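Biologist: I'd like to go through this one with you and ask how you back up each label. Could you start with the basics?

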Amino acid sequence: MSDGKKIQQALQNVHLNLSMLTTLDERLARLRRRREAAAKKVDQAKAQLDQVLAEKNALTLAAREKEKEMAAAEAAINRRKEQLSEAKTNKEFQSLKEQISLDQEKNNQLADETIEAIAAAEEFEEQVTAAKEEVTKAEKTAETFRASCDEEAKVIEDDTAQVQIDLKKAVENLPGDFRTLYDRAIEYHGRGGLVPVIDRGYCGHCRREIPPQFVVNLLKGEPYLCQTCGYLLFIPDDFYKP
Ligand SMILES: [Zn+2]
C-alpha cells in the first residue's frame, strides 16, 4: 500500500472513531431526554393530585359550612318555638307560627343542600383515588425506566471510553503534519472537523468542489483543507468504488 493510501486509511480510522463518539453521545442524550420525560410525568401526576385534593377540600369545607348553617337555623326554630309558648297575644302567636313555618321550609331546603354537598364531597373521593393511582403508576414507570436507563447509560459510557482510547491510538498513527492540522480542525470545528471527500471530488462538509489536482495530492499523502470551510479532508475507501 502506498504511503498516501496508508495516511488516508489512518484518517478514515480517526473519522470512524469520531463518528462513533458522536453517535454514542446522541444515544446518551436521547436516553437522558427519555428519562427526564418519565420523571416529568410523575411531576404532572402529582400536580394533578394536588389539584384534585384541593377541590376535594373545598367540597368538604362547603359541606361543613352547610351543616353549620343548618344547625344554626335549627336552633333559631327552637328559639321561636319557646317564644311560642310564651306568646301573650293571639296575634303574636300567629305571627310566630308563620315565622316558624317559613323557617322550617327554609331549613328543609338547607337540609337538601347539605345532603347534596356531603354527597358531592364523598363522590369526589373517587377522583382522589384515581389521581393517587396515577401518581403510583407514573412513579413505578419512572423507577423501572430509571433502572434500565442507568444500565444502558453505563454500557454507552463504557463504549465511549473504549472508543476514546481507539481514537487516541488512531490519531497517534497520523503523520506529524496531519496531526497538527487535525488538532486545529477539531479545535475549530469540533468532532466534525475531519470530513471525507464525497462524490469523487467534493468537500463532505460544505460540498465545494475540490480541484482535481488536490485530490491527486491527497491520494499521494499531502494534507488538504477545504478552501471554503477549512475542514480537513481525507479520501474514504468508497472513493475508489465505481
Ligand atoms: Zn468544505
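Modeller: Sure. A helix here is a DSSP run of H or I with at least four residues, a strand is a run of E with at least two, and both are numbered from the N terminus. By that reading, L61 sits in helix α1. Residues are counted from 1 along each chain as its sequence is written. The model is predicted: local features need pLDDT of at least 70, side-chain atom pairs count only at pLDDT 80 or more, and totals for chains, interfaces and linings use all residues.

Biologist: Why does L61 count as exposed?

Modeller: We count other C-beta atoms, placed from the backbone, within 10 Å of a residue's own: 20 or more is buried, 12 or fewer is exposed, and in between is partly exposed. L61 has 12 C-beta neighbours inside 10 Å, so it counts as exposed. The C-alpha atom of L61 is separated by 9.3 Å from that of A117, 56 residues apart along the chain.

Biologist: Which helices and strands does the protein chain have, and in what order do the elements run?

Modeller: The total is four helices and three strands, and from the N terminus the order is α-α-α-β-β-α-β.

Biologist: What makes the protein chain more spread out than a compact globule?

Modeller: The yardstick is the radius of gyration over C-alpha atoms, set against a globule rule of 2.2 Å times the number of residues to the power 0.38. For 242 residues that rule gives 18 Å, but the protein chain has 41 Å, well over it, so the chain is more spread out than a compact globule. The C-alpha trace spans about 130 × 35 × 30 Å along its principal axes, and buried residues make up 13% of the 242 residues.

Biologist: How do you know how far helix α2 reaches against what is expected?

Modeller: The expected span is 1.5 Å times one less than the number of residues in the helix. Helix α2, residues 90-172, has 83 residues and an expected 123 Å; its first and last C-alpha atoms are 118 Å apart, close to that value. Its buried residues are T114, A138, A142 and V171. They pack against α1 (3-85) and α3 (176-189), where contact means C-beta atoms, placed from the backbone, within 7 Å.

Biologist: What makes the strands a sheet, and in which order do they lie?

Modeller: Two strands pair if DSSP finds at least two bridges between them. β1 (residues 194-198) and β3 (residues 232-234) run parallel with three bridges, and one of the partner pairs is L194 with L232. β1 and β2 (residues 202-203) run antiparallel with two bridges, and V197 stands opposite C203. The result is an open sheet ordered β2-β1-β3, with mixed pairing. β2 and β3 are the edge strands, as each pairs on one side only.

Biologist: What makes a set of residues the largest nonpolar core, and which of them have the most contacts inside it?

Modeller: A nonpolar core is a set of buried Ala, Val, Leu, Ile, Met, Phe, Trp, Tyr and Cys residues joined through C-beta atoms within 7 Å. The largest such set has 19 residues, and L11, V14, L194, C203, L233 and F234 have the most contacts inside it. α1, α3, β1 and β3 each give at least two residues to this core, with α1 supplying the largest share, four residues. Leaving out residues up to four places away in sequence, F234 touches Q8, L11, Q12, H15, L194 and P196.

Biologist: Last one: what is unusual about phi at D199 and where is this residue?

Modeller: Most residues other than glycine have a negative phi. D199 is not a glycine, yet its phi is positive, about 50°. D199 is in the turn of the β1-β2 hairpin, which has three residues between the strands. With 10 other C-beta atoms within 10 Å, D199 is exposed. R207, in the loop between β2 and α4 (212-220), also has a positive phi, near 70°. R207 has 12 C-beta neighbours inside 10 Å, so it counts as exposed.

Terms used: Two residues are in contact if their C-beta atoms, placed from the backbone, lie within 7 Å.
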